[in-house]
Amino acid sequence: MTPECVVLDTETTGLSYHEDRIIEIGAVKVRRVDRKVLSTFHVYLNPGSRGSSDEAIKVHGITNEFLKDKPSFADVYHAFLGFVTDCSLVIHNATFDMSFLQAELDRVSYPVRLDSLCPVEDTLKIAKKQYPGQKNNLDALCNRLGIDISHRTLHGALKDADLLVKVYFALLTNQQAFSITTQNNDSGERLEKDLLDWSNKAVVLGATDDDILEDERFFS
């Protein structure tokens, strides 16, 4: 697992990665050990002649007129790859976004597959294991995990990536709680540990001066 991850989302002109195009990329780089946000990458993209469908605009609200003066994917892909290289990608329903990103890279004849540069973690798969048979879209997970989405009237790549950071670490905390503290009560029913706040920083314990001195004495 890489020390840093990039939590990513895209918005597109439609649902077919063969024909539709990416019009927005939002990504948040996070250091895993303390969950600190290091930087963000956000860009709107001109899809050329492939305008957004009416259905897509209802989802993300990004009009074709708004995108006319925006850069193309060919203009920004070097910066995007520089941002994500040496990190794992955290994506909700990763097959969708990765298919679109790879299609865009293929159009500019980039010779390396994105999934060979960056390991991919799919939060939808993680959520389905924890909540089988339940709705596990981003809205449902935020509501279940107590994450405020009152500002999410429309989808937006950077806004949704920010929410997914919170969802991702809440899911990981939940996984750890089950594996460490879940037990059965006297009647055999399973007891579940309450979720910790996703924003709680991981505790990192370093060696004290006395510890270092003892090590030096031991190895001298």
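Hi everyone, let me start with helix H6. In H6, the buried residues include Leu-138, Ala-140 and Leu-141, and Cys-142 and Leu-145 are buried there as well. Right after H6 comes Gly-146, and its phi is positive, near 75°. Before I go on, please keep in mind that what you see above is a predicted model.

Let me step back to the whole protein for a moment. It has 8 helices and 7 strands, and its chain runs to 220 residues, 42% of which count as buried. If you take the contacts between residues at least 6 apart in sequence, 65% of them join residues at least 24 apart. As for the outside, the accessible surface comes to about 12500 Å², and carbon and sulfur atoms account for 51% of that.

Now to the pocket. The largest one has a volume of about 560 Å³. Which residues sit closest to its centre? They are Asp-9, Glu-11, Phe-96, Arg-152 and His-155, out of 25 residues that line this pocket. Several elements give two or more residues to that lining: strand E1, covering 4–12, together with helices H1 (54–60), H3 (94–107), H6 (138–145) and H7 (157–181). So our opening helix, H6, turns up again here. Which element gives the most to the lining? That would be E1, with 5 residues. By residue type, the lining of the largest pocket splits into 8 nonpolar, 10 polar and 7 charged.

Last topic, and one for anybody who thinks about cysteines at the bench. How many disulfides does the structure hold? The number is 0. As a reminder, a disulfide is a covalent bond between the sulfur atoms of two cysteines. Let's take Cys-5 and ask why its sulfur is not bonded to another cysteine sulfur. The closest cysteine sulfur belongs to Cys-87 and lies 7.6 Å away, which is too far for a bond; the cut-off used for a disulfide is within 2.5 Å. Cys-5 itself is buried, with a relative accessible area of 0%.

What about Cys-87, then? Cys-87 is in no disulfide either, and the cysteine sulfur nearest to its own is that of Cys-118, 6.9 Å away. Cys-87 is buried too, at a relative accessible area of 2%.

That's my tour: a helix, a pocket and a pair of cysteines. Thanks for listening, and I'm happy to go back to any part of it.

Methods:
Residues numbered from 1 in each chain as written. Predicted model: local features only at pLDDT ≥ 70, side-chain atom pairs only at ≥ 80, totals over all residues. Heavy atoms only, no water. 1 Å grid on protein atoms, 1.4 Å probe; cavity = no way out; pocket = protein on both sides within 12 Å on 5 of 7 lines; lining within 4 Å. Points joined across faces, edges and corners; volume = space filled by probe spheres on them. Helix = DSSP H or I, 4+ residues; strand = E, 2+ residues; numbered from the N terminus. Nonpolar A, V, L, I, M, F, W, Y, C, P; charged D, E, K, R; others polar. Buried < 20%, exposed > 50% of the residue type's maximum accessible area, 1.4 Å probe, protein only. Contact = heavy atoms within 4.5 Å. Areas by Shrake-Rupley, 256 points an atom, 1.4 Å probe, with all protein chains shown as cover.
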